[in-house]
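Student: I have a model open on my screen and I'd like to learn how to read it. Could you walk me through it, feature by feature?

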Amino acid sequence: MQIAVSEIWSKPFNDPRILSKCSTWESSTKMETMVEKQINDSRQVLLENLPMELLGKWYYYSVVKFSDQSIGNIIDQLVTDILPIGFQSRNIDLMSLLLTSRVLHSATLATLYSQVTISHSKAFHKFITHVAAHPALGIMVRRLDFSHFNPIGLGMTGRERAETQNLTVQTLLQCLKLLPNLQEFLAQEHIDGDLSSDVIWTLFQMPRVQALDFCTCSSTLFRDAIMNVFGNTCSFQLPQVLPITRLSFHSCTILPSAIFESLLPRLPNLTHLDVTHTRITDDALTSIPRTARLTHLNLSKCCSLSGDKVVKFLGTHPAVKDTIVYLNLLMDAKSHKILNAVDVTTLLPTLPSTLRSLNLKGSEMSRNHIPLLLPLTKHLEELGIGRNLLYEDISPLLGPFSDEAMDNPSWIPHTLHYLDISDLEPDQLDLGLLFRSKTSILERGTMPLEIIEVGEKAFKKLKDREHVCKPFGWVVKEAGRRGMLARDIVKTNTKLAGEEVQIDDGCRSWKMGATYWGMRKVPVARAEVCGMYELCMFKQ
């Protein structure tokens, strides 16, 4: 379907090309004719005659199965996932659209309430008040998102916030009971004290819930609550099969291993699992049902896992061996290592061609692993390598650097956009080789490489020599605790003047809304990443 619209958008987009991914948009050359035909004899705007599915998300979650393909609805383009600065109103365009006509009012309500983001307690109180007064609104809600929640602000003291009783165990439980079609619940540490046993049990009992994220929830109240539901002496009766497909306990460090041993066998349809920095054991990992089809798996900093059991699971278990797309085995080598050299040698040949992101940071590696990594670089887009390698060992993954070798028909270019070499110590990162034209991975020939992440000490060393990086078309950047070299796209395009260069926006279906490279948290909902989730995903 082609829809003619004027060049003056109703909402200012930073990049109108985003719209073209969903529908074909044309600019009419006869604006006067279009304006004359905009209203028919019944005084109804022609836009209102479009199907409700195209206008909004009324049927999206109940009819369309979750997939990698986004639905190009018109009203959805007005939704803002990232909250404005402070406590300003969001989705102002949607609020204005509510006043346009009855048809658009209905379609806009569906979009407005399908994904509810709670940024502070007053917003939650306002939401639950509306839903309690108009239960039909609760039927529309598919996502309840607390990832932006900030308990501080609004000019209130801690005592005043406690006295308002806006967000409590009781009000949260009441809210869930008003949302019968809820499919995604996103939490974080600022509300873990309100996640009682009744709330946890209700979430896992809801028949349509597919995604749960308890990112950084690590209070004793949360631990006791989830133990009451999944512990050995649990007082709740849960079914043996749960509908959850995407689950995250990212940095839930306080949860005992018994939780995972009880929960994971109940998830036969699991596709996304993030258990970063938890106490998951080998037995719990292998208890994942064989019917599951894992595409995203994050086992970083899981000190209770053993390398040989993890390698065997990844290479033989039907739930993961042929479907994995994102795999994170990052470890802090100073405290624990999960993969030794033998484990890495066994693992690399078993990884499937579906894999797009692999992080082996902290594992024990040697130059003997480079030939095993080389075939993976032909389909990987993110790669994190382990310890004990030198710079000259790594550069062949992106080479050859000579034009003659690159013109060889047998040479298959790499597909890497992100390379993590942060395990290299400053003395292992030979700056002389890094900035030498015939051995530099910063050269044009290493495209599409965009990001090279380095360790803290190496980053300080590079920051002092930033003027040396710029002539190569690279700049030094810092994101939270992470430091990196980033390709300057503008300068690169200048060098490639006369050639057609397509700028990659970093958007991939497997990243589920994220556009940056170097993802360290599994997303369980398709949305722009910000707030606490952005911190865990890209800045730690």
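Tutor: Let's start with the surface. The accessible surface of the chain is about 25,500 Å², and carbon and sulfur atoms make up 53% of it. Areas like this come from the Shrake-Rupley method with a 1.4 Å probe, and for residues only the protein chains shown count as cover. Before we go on, two notes on the model. It is predicted, so local features need pLDDT of at least 70 and side-chain atom pairs count only at pLDDT 80 or more, while totals for chains, interfaces and linings use all residues. Residues are numbered from 1 along each chain as its sequence is written, and side-chain values use heavy atoms, with hydrogens and water left out.

Student: How much of the chain counts as buried?

Tutor: Buried means under 20% relative accessible area, exposed means over 50%, and partly exposed is in between (1.4 Å probe, protein chains only). Here, 51% of the 540 residues are buried.

Student: And how many helices and strands does the chain have?

Tutor: Helices (H or I, at least four residues) and strands (E, at least two) are DSSP runs, numbered from the N terminus. This chain has 24 helices and 16 strands.

Student: Which residues touch the most other members of the largest nonpolar core?

Tutor: A nonpolar core is a set of buried Ala, Val, Leu, Ile, Met, Phe, Trp, Tyr and Cys residues joined through side-chain atoms within 4.5 Å. The largest one here has 117 residues, and L144, F185, L195 and F214 touch the most other members. Helix α12 (residues 220-230) gives the most to this core, with five residues. There's another core apart from it, with 23 residues, including W510 and F538.

Student: What is F214 in contact with?

Tutor: Contact means heavy atoms within 4.5 Å. Setting aside neighbours within four places in sequence, F214 has contacts that include L195, F204, F222 and H250.

Student: Now a helix. Where do the buried residues of α21 fall, seen down its axis?

Tutor: Helix α21 (residues 456-463) has A458, F459 and L462 as its buried residues. They fall within an arc of 105°, so they line one face of the helix. That arc is taken over the directions from the helix axis to the C-beta atoms. Turned away from the buried side are the exposed residues E456, K457 and K460.

Student: How do strands β15 and β16 run?

Tutor: Two strands pair if DSSP finds at least two bridges between them. Strand β15 (residues 474-479) and strand β16 (residues 482-487) run antiparallel, joined by six bridges. One of the partnerships is E478 with G483 in β16. The two strands form a hairpin with two residues between them, and G480 in the turn has a positive phi of about 65°.

Student: What about backbone oddities?

Tutor: Most residues other than glycine have a negative phi, and most peptide bonds are trans. Against that background, check N388, whose phi is near 70°. N388 sits in the loop between β12 (382-384) and α18 (391-394), and is partly exposed at 44% relative accessible area. M512 also has a positive phi, about 55°, although it is not a glycine. M512 is in the loop between α23 (489-495) and α24 (531-538), and is buried, with a relative accessible area of 1%.

Student: Which residues does the cis peptide bond join?

Tutor: M447 and P448, with omega about 20°. You'll find P448 in the loop between α20 (431-434) and β14 (451-454).
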